[in-house]
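Please open the structure in your viewer and keep the sequence beside it, since this tour moves from one selection to the next and says what is found at each stop.

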Amino acid sequence: MDFIGAFSFVNLRFLLDGLQITVAVSVLSIVFSFLIGGLMGTLRFANIPFFSRVLGVFVDIIRNLPLLLIIFFTYFALPQIGIRFNIFWSAVVALTIFESAMLSEIFRAGLNAVPKGQMEAGLSTGLTYVETMRTIVLPQAFRSMIPAIVSQLISLVKDTSLAVIISLPELTHHARIIYGQNTNYVIPMFVAMTLSYFAICYVLSLLSKYLETRKYNY
Amino acid sequence: MIELFQANADLFFEGFKYTILSSVLALIFSLIIGTLMAIFQLSENKIIRNLAKAYVEFFRNIPLLIIVMFFYVVLPLYGMPFDGFQAGTIGLTIYTSAFIAETVRSGIQTVPKGQMEAGLSSGFTYSETMRYIVLPQAFKIVIPPLGGQFINLIKNSSILAMVAGLDLMYQGDLVANATFITFETYIIVGIFYLILTLPLSYLMAYLEKRWAVRG
């Protein structure tokens with residue numbers, strides 16, 4: 001075990017570079033999957049004949065596949081049919097596909113939990129469907145969804161580590177390179193990885209607990 | 001795609017077997033550890049309670065990959081060799097047990113306190129009341145979310161591929177590398193996973209709906 005050697009300036013900077021990629025991939029996937037998942041969840045809730053059903057089957061399939069398989073698929077299989085991303089965007093696309101399916105279920109469940117009368121009241125006071133959705137139903141649904149959404153975001157951050165399989169230069173990948181040089185660095189690198197992920201995820205989980213217990217004024 | 005499957009059926013089924021084996025083993029052990037951790041979290045003893053909480057918070061907030069790699073990379077350096085399958089299954093067990101602990105804990109907490117008090121006052125010991133009165137009620141509440149955890153467990157078992165754990169994903173990868181037909185191979189692998197996860201996920205959705213109505 002050699003903590004001092006393992007955390008030399010060069011190594012530390014290398015790790016931070018990795019952490020930066022981890023954060024970048026996480027943030028991009030969070031934003032995209034939030035938008036796409038929100039849209040898909042709302043469309044499924046709206047119960048458009050045929051379309052919502054097809055979307056439902058698609059979501060169920062994606063949700064029940066391992067993320068690792070989706071990452072493999074975007075990076076190794078899609079180029080065979082002419083769709084090519086570089087490593088970074090493959091990771092973002094794979095994570096977005098998977099997490100938006102997960103988030104769309106959370107959105108749909110949240111929307112279903114809002115009493116039907118709210119939608120009817122909105123429509124009968126002359127608002128259009130879209131207006132009712134945006135100003136009345138979604139804000140109420142959103143509050144009940146926050147804990148589930150945050151815990152999904154936590155898994156997203158943890159799941160970025162899986163992109164190591166396509167050699168995305170993120171934290172786990174860089175830590176592996178460093179401990180590959182010297183077995184004395186193995187434990188320090190594991191400590192560094194564990195602490196970094198734990199710090200990010202634990203802060204998010206505290207946020208979720210705070211939002212859960214906070215009282216809202218209706 | 002059918003030809004590809006026929007030519008490599010042995011590999012796919014071999015991997016399928018290991019995926020199921022790993023998932024079932026991890027499920028059994030993580031149910032035991034998770035339930036114990038849930039009970040410890042609600043214990044009167046401050047030290048036990050905090051240790052259990054630390055266990056759950058720690059393993060819920062780090063990636064599964066790190067736990068698995070710890071058993072595959074770190075421990076062998078200190079004279080405890082694990083092969084990929086063992087490391088993967090142990091990692092899965094530890095990781096899932098933290099989630100199961102949270103699920104079971106919230107289930108136990110939804111059982112009214114009066115049940116525990118009634119059990120204790122009619123002469124049962126704490127562990128008897130827990131076993132015969134509180135846990136059976138809690139389990140009915142937590143079965144749908146536990147099913148969700150089991151589905152996650154099956155999906156997460158693909159992590160074995162990263163440590164040469166002989167599972168479905170690993171074998172699929174071998175086939176893809178040997179044949180260069182990646183697109184079809186991964187679709188076949190996906191279908192195998194769906195055979196396991198889709199029926200379970202519909203069953204849990206059904207149970208959740210049915211039990212929710214009856215309260």
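The stops below begin with one whole chain, go on to the place where two chains touch, and end with a core and some annotated spans. Please bear in mind throughout that this is a predicted model.

**First stop: chain A as a whole**

Select chain A and colour it by secondary structure, and you should find 9 helices and 0 strands, which follow one another along the sequence as α-α-α-α-α-α-α-α-α. Taken along the principal axes, the box filled by the C-alpha atoms of chain A is roughly 70 × 50 × 20 Å. Chain A has 218 residues, of which 39% count as buried. If you look at the contacts within chain A between residues at least 6 apart in sequence, 78% of them join residues at least 24 apart.

**Second stop: where chain A touches chain B**

Now show chain B as well, and select the residues on either side that meet: 30 residues of chain A are in contact with 29 residues of chain B. On the chain A side, at least two residues each come from helix 3 (51–63), helix 4 (67–77), helix 7 (129–159) and helix 9 (186–213). Helix 9 of chain A is the one to highlight here, as it supplies the largest share of that side, with 10 residues. Colouring the chain A side by residue type would show 21 nonpolar, 7 polar and 2 charged residues.

**Third stop: the largest nonpolar core**

Which residues touch the most other members of the largest nonpolar core? Among its 113 residues, they are Leu68(A), Leu69(A), Ile70(A), Ile71(A), Met189(A), Ile67(B) and Val68(B). To see where the most residues of this core come from, select helix 5 (residues 87–113) of chain A, which gives 13.

Then centre the view on Ile67(B), which, leaving aside residues up to four places away in sequence, touches Phe59(B), Ile62(B), Gly91(B), Ile94(B) and Tyr95(B).

**Last stop: annotated spans of chain B**

An unreviewed UniProt entry lists residues 20–40, 61–79 and 186–207 of chain B under "transmembrane region". Select residues 20–40 of chain B, and you will see a span that is 100% helix and 0% strand, with its end C-alpha atoms 30 Å apart. Residues 186–207 of chain B are likewise 100% helix and 0% strand, and their end C-alpha atoms lie 31 Å apart.

Finally, widen the selection to residues 16–204 of chain B, where UniProt, again in an unreviewed entry, places the feature "domain: ABC transmembrane type-1". This span, residues 16–204 of chain B, is 83% helix and 0% strand, and its end C-alpha atoms lie 22 Å apart.

Key
Residues numbered from 1 in each chain as written. Chains lettered and ligands numbered in written order. Predicted model: local features only at pLDDT ≥ 70, side-chain atom pairs only at ≥ 80, totals over all residues. Contact = placed C-beta atoms within 7 Å. Helix = DSSP H or I, 4+ residues; strand = E, 2+ residues; numbered from the N terminus. Nonpolar A, V, L, I, M, F, W, Y, C, P; charged D, E, K, R; others polar. UniProt positions renumbered as here; feature names shortened; annotations may be inferred. Core = buried A, V, L, I, M, F, W, Y, C linked by C-beta atoms within 7 Å. Buried ≥ 20, exposed ≤ 12 C-beta atoms within 10 Å, placed from the backbone.
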